[in-house]
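User: I should like to learn how to read a sheet and the helix that packs on it. Could we begin once the structure is displayed?

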Amino acid sequence: MIPVRVYRLVEDDSGNQVVILRDPETGMQLPIWIGDAEAFAIQKELDGIPVPRPMTHDLIRDILNALGIELLRVEITDLQDNTFYACLVLRGNGKVQVIDARPSDGIALALRMDAPIYVSEEVAKTAGLYPRPDHREIERFMRLTKDLELPE
């Protein structure tokens, strides 16, 4: 599993909301199309803007906290027919439970509960966008490795 962070929310050319997850180590970005309500919930949390009444993800957080259940992590586990699948990994009463969830709901909840988000390596390979090194980076790499002596 690859740890990712919410990089940003954008709108595509058709006006659909897209959350971009990013691997800070490699720069891989994973776009996931989400609904307007989930985008609103994620953006409010990213911006730190309080809402006058609890939203659904706030309510779920509050219920989990009241029951002493910890959100260990959110995992984006699969991609089938252009649909992403995710799960919540929870711990309570000494037991770990895995609950099916939509990625957008998992992300919104993870932000509220300071839980990490992971993407499976297969999903990252299939749908992730990896940065390409620019010409200057390649030249720098070639200069750095030019004088290295490799063992035979």
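**Reading the sheet and its helix**

Analyst: Let us start with one pair of strands in this predicted model. Strand 5 (residues 83-92) and strand 6 run antiparallel and are joined by seven bridges. One of the residues concerned is Arg91, whose bridge partner in strand 6 is Val96.

User: In what order do the seven strands of the open sheet lie?

Analyst: The order is 3-2-1-7-4-5-6, and the pairing is mixed. Strand 3 (29-34) and strand 6 (95-101) each have a single partner strand, so these edge strands have one side without a neighbour in the sheet. From one strand to the next, the twist averages 35°.

User: Which strands does helix 3 touch?

Analyst: Helix 3 (residues 103-113) packs on the sheet and touches strand 1 (2-11), strand 2 (17-22), strand 3, strand 4 (70-80), strand 5, strand 6 and strand 7 (117-119). The direction of helix 3 makes about 155° with that of strand 4.

User: Why is helix 3 described as largely enclosed by the rest of the structure?

Analyst: Burial here means under 20% relative accessible area. Nine of the eleven residues of helix 3 are buried, so the helix is largely enclosed. Among them are Pro103, Gly106, Ile107, Leu109 and Met113. Asp114, which follows helix 3, has a positive phi, near 50°.

User: Which residues touch the most other members of the largest nonpolar core?

Analyst: Leu21 and Leu30 do, in a core of 34 residues. Helix 3 gives the most to this core, with five residues. The contacts of Leu21 include Leu30, Ile76, Ile107 and Val119.

Methods: Residues numbered from 1 in each chain as written. Predicted model: local features only at pLDDT ≥ 70, side-chain atom pairs only at ≥ 80, totals over all residues. Heavy atoms only, no water. Pairing = 2+ DSSP bridges. Helix = DSSP H or I, 4+ residues; strand = E, 2+ residues; numbered from the N terminus. Axes fitted to C-alpha atoms, helices over the stretch in contact; angles between N-to-C directions. Contact = heavy atoms within 4.5 Å. Core = buried A, V, L, I, M, F, W, Y, C linked by side-chain atoms within 4.5 Å. Buried < 20%, exposed > 50% of the residue type's maximum accessible area, 1.4 Å probe, protein only. Lists of a residue's contacts leave out its neighbours within four places in sequence.
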